[in-house]
Amino acid sequence: MTVVDAVQEVLPTLIIWLCVALGGGLGAMSRYGLDRLVGHFVAKPGVGIATVNIIGCFIMGIVTALMSGSLLFIVATGFLGGFTTFSTAVVDVYQAILHRKHLHAILLLLGTYVLGIAAACAGVSAGYLFLAQ
């Protein structure tokens, strides 16, 4: 195998990795922006991240129905991996419990997961409806 052959073999994988990294950065920036925007209108801690995660679940559903291969990997792992955040959602629930805001903690927890699952199902359904047309 020549150097040129090796580069031609590795280059497509490297490009995918770079696209995933770029997508992750754009997703994280989008998460930050949407979290700040929601926080401007809703003063409850954690609501912005819950909103981001629910929207991310819906988009993930659509993407799962419509994409495959490298494009799915780039969008799902890259952009949506950077956009959504499990750890921040969990810490928001924990902070609410620490501040004895138990109802808020329960609403964040249930809202994120129940609405997230519903949003993912709705996204997959929307994607398949789009394909059927």
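**Notebook: two cysteines, a histidine and an aspartate**

I began with Cys-57, which counts as partly exposed because its relative accessibility is 24%. I note here that the model I am reading is a predicted one.

Next I looked for the partner of a possible bond, since a disulfide is a covalent bond between the sulfur atoms of two cysteines. I found that the structure holds zero disulfides. For Cys-57, the nearest cysteine sulfur belongs to Cys-121 and lies 9.8 Å away, whereas a disulfide would need the two sulfur atoms within 2.5 Å, so Cys-57 is in no disulfide. I then looked from the other side and found that Cys-121 is likewise in no disulfide, with the sulfur of Cys-57 as its nearest, at 9.8 Å. Cys-121 has a relative accessibility of 46%, and therefore I recorded it as partly exposed.

I turned to His-104, which I located in helix α5, a helix that covers residues 102-132. Is His-104 buried or exposed? I wrote down buried, because its relative accessibility is 16% and the cut-off for buried is under 20%. A polar atom of the His-104 side chain lies 2.7 Å from the backbone oxygen of Pro-45. Leaving aside residues up to four places away in sequence, I listed Lys-44, Pro-45, Val-47 and Ala-96 as the residues that His-104 touches.

My last entry concerns Asp-92, whose place is in helix α4, residues 86-98. Which side chain of opposite charge is nearest to Asp-92? I found Arg-31, at 9.6 Å, and noted that Asp-92 is buried yet has no salt bridge. Again leaving aside residues up to four places away in sequence, Asp-92 touches Gly-46, Ile-49 and Leu-108.

How values were computed
Residues are numbered from 1 along each chain as its sequence is written. This is a predicted model: local features need pLDDT of at least 70, side-chain atom pairs count only at pLDDT 80 or more; totals for chains, interfaces and linings use all residues. Side-chain values use heavy atoms; hydrogens and water are left out. Helices (H or I, at least four residues) and strands (E, at least two) are DSSP runs, numbered from the N terminus. Buried means under 20% relative accessible area, exposed over 50%, partly exposed in between (1.4 Å probe, protein chains only). A polar contact is a pair of N or O atoms within 3.5 Å; within protein, one must be able to donate a hydrogen and the other to accept it, and residues adjacent in sequence count only if both atoms are side-chain atoms. Contact means heavy atoms within 4.5 Å. Lys and Arg count as positive and Asp and Glu as negative; His and the chain ends are not counted. A salt bridge is a side-chain nitrogen of Lys or Arg within 4 Å of a carboxyl oxygen of Asp or Glu.
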